[in-house]
Amino acid sequence: MNLTVDVQRQFRKGPLIEAALELELKRFSITVLFGPSGCGKTTLLRMLSGLERPDAGFIRLDGVPWFQGRHDVPAQERRVGFVFQEGALFPHLSVAANVAFGLDPGPARAERVATLIRRVGLAGLEHRRPSELSGGQRQRVALARALAPRPRLLLLDEPFASLDRPAAEQLRQELRSILKAEGIPAVLVTHDRDDALSLGDRMLRMDAGRILQDGRPEEVLTGFAANLEEAGSESVALARRVGRKEGLLCLEVGGALLYAPDPGGEFRQARICIRSEGVALERREGGPASTRNHLPGRIVDLEIRGALARVRLDCGFPLEALVTTWACHDLKLTVGDQVTALVKATAIRVVPLDEDA
Amino acid sequence: MNPVTPWMDWSALALSVRLALSAVLLLLPVGITLAWPLAYGRFRGKVALEAALLMPLVLPPTVLGFYLLQFFGPRSSLGRVWDLLTDGTLVFSFSGLLLATLLINLPFFLQPLIASLGSVDKRLLEASATLGHGRMSTYLRVALPLSWRGLLAGAILAFAHGMGEFGVVLMVGGNLPGRTRTLSIALFDQVQAFEMAAAHRTAFVLLTFAFLVLLSTAWLRARSNR
């Protein structure tokens with residue numbers, strides 16, 4: 001099953017939203033729709049679900065139009081689940097009745113409701129009203145409710161945005177396994193890098209109404225900062241856990257070994273984020289230094305803007321360094337040169353991953 | 001009038017209660033059906049329909065009564081159909097009175113209900129749609145249950161107004177003791193006959209009733225704003 005989307009929508013005070021994408025719905029995967037607020041992520045999600053009508057374009061499922069011209073399959077016939085930012089639970093119904101809302105009456109209904117309530121960790125709360133639940137519990141009910149009718153696709157609109165940090169963290173850790181157990185492909189809207197890093201199989205970066213990048217999260221997030229001066233530009237790569245040494249985690253990345261602070265927990269794979277300003281360069285491997293990680297690499301690109309230079313390296317994985325233009329001239333750096341990248345362990349952040357990501 | 005005036009015109013009181021109660025029971029299905037397109041619909045002529053349904057709020061009751069009399073009369077098509085079906089007339093009968101009460105009370109019933117429906121969080125209606133429910137099902141299972149206070153307020157207001165209506169009732173129903181003489185018409189009669197003690201009692205019953213009704217709707221509104 002393939003969902004092909006090419007839509008336009010213009011709001012009076014917003015950007016022109018112009019998005020084209022294709023989603024594979026046959027098997028479980030999480031696509032993260034990432035971008036700043038107001039860039040059109042939620043509108044795109046609403047158009048997919050049928051809650052919002054595009055001005056032009058089309059949405060097709062295996063070639064059969066959901067939207068095209070005047071033809072518009074209403075939301076209730078698309079079988080697309082939607083988890084709203086603040087849950088949007090029916091306040092007059094119990095937890096169980098909320099979860100059962102999208103299910104046809106019958107003997108299978110009670111069992112399905114019980115399964116889902118257990119799966120999202122709310123067993124025992126079936127008879128509570130939404131007003132008697134915490135924010136995190138409410139969002140779990142919303143998730144169970146949307147999953148209950150076994151939608152073809154599940155859309156999640158910033159599901160953690162309204163939660164406090166511990167509740168958001170807890171749900172984020174469980175979300176992937178819940179969705180995987182149900183085998184339902186999902187699109188998750190977020191403006192949080194960590195959501196994208198820990199949950200996404202695929203990432204669409206959106207800005208000002210357009211999809212600018214489409215790839216794996218580590219590809220999209222590497223060196224994504226919009227301008228050179230902006231702090232927070234990162235290199236992101238997939239890493240395998242090798243072991244521990246002196247309290248640090250040892251990871252294998254593209255053939256190179258890296259030491260990084262241990263975020264704790266059991267995992268075999270992780271995404272690592274290396275802050276560009278935490279990477280220094282030297283011509284040859286020198287003597288002992290306080291930096292733990294010395295990675296040989298080749299310069300593949302050099303971008304000088306004012307006092308700062310962005311140097312892109314191939315160290316077996318793409319790595320980016322933000323250095324001063326002065327240092328760049330001092331070391332006589334040019335594209336193709338072999339250098340050593342010195343990466344402070346503290347400039348590395350490790351985001352643990354599920355087995356299959 | 002009897003030489004000994006009864007303490008209260010009990011048959012008028014009973015008729016008023018019966019009339020108002022029947023009108024509310026009929027208003028429930030009619031009003032709930034009409035409130036849906038008015039609260040959520042987008043169609044041509046919606047504003048005109050709203051204005052027409054709200055007319056009884058501003059129109060002098062006698063004007064409304066006059067037109068209803070024309071419309072219900074034995075020479076009107078509705079009157080003739082009624083005559084054929086029931087072998088009776090609509091005017092000067094309880095049925096005619098009931099129909100008139102229903103029409104004039106429609107805005108009292110609809111206004112709070114539509115306001116309540118309008119304040120239901122739109123995302124709840126959208127959530128219902130993404131869970132496979134069509135508009136009708138969403139209305140009955142989400143919007144209406146969440147608007148129960150507006151529904152109750154509308155029913156109470158319509159009931160109270162039905163209890164006290166004078167002009168339309170007099171025009172359409174006349175003043176037939178036990179059949180169309182309601183409490184407010186009995187009060188008019190009592191004043192005409194200088195039975196001031198009886199008039200005081202009748203007026204006091206209507207006054208107390210009106211106050212209790214407003215008190216209960218105000219309480220409902222305060223609860224829903226909380």
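**Note on the predicted model: a covered helix, an open sheet and a nonpolar core**

1. In α1(A), the buried residues are A:Lys41, A:Thr43, A:Leu44, A:Leu45, A:Arg46, A:Met47, A:Leu48 and A:Ser49, where buried requires 20 or more other C-beta atoms within 10 Å of the residue's own, with C-beta atoms placed from the backbone. Helix α1 of chain A (residues 41-49) is thus mostly covered, with eight of its nine residues buried, and just after it A:Gly50 adopts a positive phi of about 95°. Helices are DSSP runs of H or I with at least four residues, and strands are runs of E with at least two, numbered from the N terminus.

2. This is a predicted model, in which local features need pLDDT of at least 70 and side-chain atom pairs count only at pLDDT 80 or more, while totals for chains, interfaces and linings use all residues. Residues are numbered from 1 along each chain as its sequence is written, and chains are lettered from A in the order in which they are written.

3. An open, antiparallel sheet of five strands in chain A follows the order β14-β13-β12-β15-β21, pairing being defined by at least two DSSP bridges between strands. Because β14 (256-261) and β21 (348-353) of chain A each have a single partner strand, one side of each edge strand is left without a neighbour in the sheet. Six bridges join β15 (residues 269-275) of chain A to β21(A), and A:Arg271 has A:Val351 as its bridge partner there.

4. The largest nonpolar core (buried Ala, Val, Leu, Ile, Met, Phe, Trp, Tyr and Cys residues joined through C-beta atoms within 7 Å) has 156 residues, and A:Val99 is among those with the most contacts inside it.

Technical notes. Buried ≥ 20, exposed ≤ 12 C-beta atoms within 10 Å, placed from the backbone.
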